[in-house]
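Please examine the sequence and the model shown below. A set of questions and answers then follows.

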Amino acid sequence: MKYADLHVHTIFSDGTFTPEEAVRVAREKGLSCIAICDHDCVDGIGPSIEYSKKNPIEIIPGVELTAMKDRKEIHILGYFISWKEQWFKEILKKIQAERVLRINKMIEKLKRFNIEVMPDRVMNIAGGKGSVGRLHLARALVEIKAVSSIQAAFDKYIGDFKPCYVEDIDFSPKEAIEFILRAKGIPVLAHPYTIGNDSLIQEFVKYGMRGIEVFHIDHSLSISKRYEKIALENGLLVTGGSDCHGLGKGRVLLGTVRVPYSLVDKLKEAANRI
Ligand code: AMP
Ligand code: FE
Ligand code: FE
Ligand code: ZN
């Protein structure tokens with residue numbers, strides 16, 4: 001039996017694994033396939049594919065876009081996107097630049113709590129490439145001992161709509177889905193349970209969304225069953241992955257959520273039809 005983990009982050013967003021480490025760990029876990037899905041960035045895909053030539057494992061090019069809807073973050077995964085296209089990379093670069101401004105705004109808000117974070121330090125933690133995000137800021141907050149843990153940083157200051165939170169750029173789920181489709185990718189709703197509004201699924205299907213992430217580290221078995229049923233009822237593709245951030249969230253999650261390879265075949269069939 002072949003298995004795939006279809007949601008893996010690298011240092012090109014808020015993971016701590018280099019693309020090479022992600023490939024190495026995935027092979028150790030006995031996976032046949034992983035999808036590299038960094039937040040708003042595709043720069044980890046090339047190095048993963050390159051490294052996988054000598055360390056065989058199948059790499060699916062992916063991305064995880066952030067969109068906003070009714071003051072909620074909606075994450076849309078894109079599988080098999082044309083990641084080498086210049087126009088596609090240029091739009092992601094603009095989003096990445098917006099992310100830097102957003103982090104700086106959060107740093108400003110933290111000053112109200114007498115917390116001084118050096119913007120350069122956050123950029124250093126982010127490695128000066130790809131997408132900077134709240135997980136990097138949370139690590140900086142732990143480093144200066146403003147909080148005792150990453151979780152505390154989110155709970156007290158930078159979690160969704162906590163006092164120092166700043167919304168992501170004004171990118172709607174519709175725009176995110178259309179952006180992925182334009183890049184010949186398959187748009188899939190990431191971790192639907194974290195959104196807490198299943199009626200949005202039908203709305204997103206109208207925009208061209210093709211699948212939902214049924215299996216995810218934040219989904220219990222019964223929740224996964226619920227989303228599997230919703231997928232079936234709506235003719236949607238089923239995906240799943242660990243959302244591994246390397247050591248970024250404590251333990252290594254890679255391979256802890258995996259799907260049978262038959263689901264990858266279905267994704268590929270759909271991608272060939274776009
Ligand atoms: P950003 O893309 O900057 O909005 O950051 C979103 C990322 O922050 C998510 O992908 C997670 O990696 C992390 N994150 C968001 N909320 C939490 C939370 N409550 N606890 C831990 N990590 C979180
Ligand atoms: Fe993340
Ligand atoms: Fe996500
Ligand atoms: Zn993710």
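The questions below concern the metal sites and two helices of this predicted model.

Q: Which residues coordinate the zinc ion (ligand 4)?
A: The coordinating atoms of the zinc ion (ligand 4) lie at 2.1 to 2.2 Å. In sequence the donor residues follow the spacing H-x1-H-x54-E-x178-D. The residues are His7, His9, Glu64 and Asp243.

Q: Why is the arrangement around the zinc ion (ligand 4) irregular?
A: Four donors would count as tetrahedral only if all angles lay between 85 and 135 degrees. The four donor atoms around the zinc ion (ligand 4) do not fit a regular arrangement, because the angles they subtend are 80 to 172°.

Q: How many residues apart in sequence are the parts tied together by Glu64 and Asp243?
A: Both Glu64 and Asp243 are donors to the zinc ion (ligand 4), and both are buried. Glu64 belongs to strand S3 (residues 58-69), whereas Asp243 sits in the loop between strand S7 (237-241) and strand S8 (259-260). The pair therefore ties together parts whose separation in sequence, in residues, is 179.

Q: What distance separates the zinc ion (ligand 4) from the iron ion (ligand 2)?
A: The iron ion (ligand 2) has its own protein donors, from Asp14, His39 and His245, lying 2.1 to 2.8 Å from it. Its site is irregular, with angles of 51 to 156° among six donor atoms. The distance between the zinc ion (ligand 4) and the iron ion (ligand 2) is 4.7 Å.

Q: Are His39 and His245 buried or exposed?
A: These two residues are donors to the iron ion (ligand 2), whose donor residues are spaced D-x24-H-x205-H in sequence. The pair links distant parts of the chain, with His39 in the loop between strand S2 (33-36) and helix H2 (45-54) and His245 in the loop between S7 and S8, 206 residues apart. Both His39 and His245 are buried.

Q: Against which helices do the buried residues of H6 pack?
A: Helix H6 spans residues 150-158, and its buried residues are Ala152, Ala153, Phe154, Tyr157 and Ile158. They pack against helix H3 (86-111) and helix H5 (134-143).

Q: What arc around the axis do the buried residues of H8 cover?
A: In helix H8 (residues 199-207), the buried residues are Leu200, Ile201, Glu203 and Phe204. They lie on the same side of H8, because the arc they cover around the axis is only 165°.

Q: Which residue with a positive phi follows H8?
A: The buried residues of H8 pack against several elements, including S3 and helix H9 (221-233). After H8 comes a residue whose phi is near 115°, namely Gly208.

Terms used
Residues numbered from 1 in each chain as written. Chains lettered and ligands numbered in written order. Predicted model: local features only at pLDDT ≥ 70, side-chain atom pairs only at ≥ 80, totals over all residues. Heavy atoms only, no water. Donors = N, O, S within 2.8 Å, 3.2 Å for Na, K, Ca; no water. Tetrahedral: all angles 85-135°; square planar, octahedral: opposite > 155°, others 65-115°. Helix = DSSP H or I, 4+ residues; strand = E, 2+ residues; numbered from the N terminus. Buried < 20%, exposed > 50% of the residue type's maximum accessible area, 1.4 Å probe, protein only. Contact = heavy atoms within 4.5 Å. Arc of directions from axis to C-beta.
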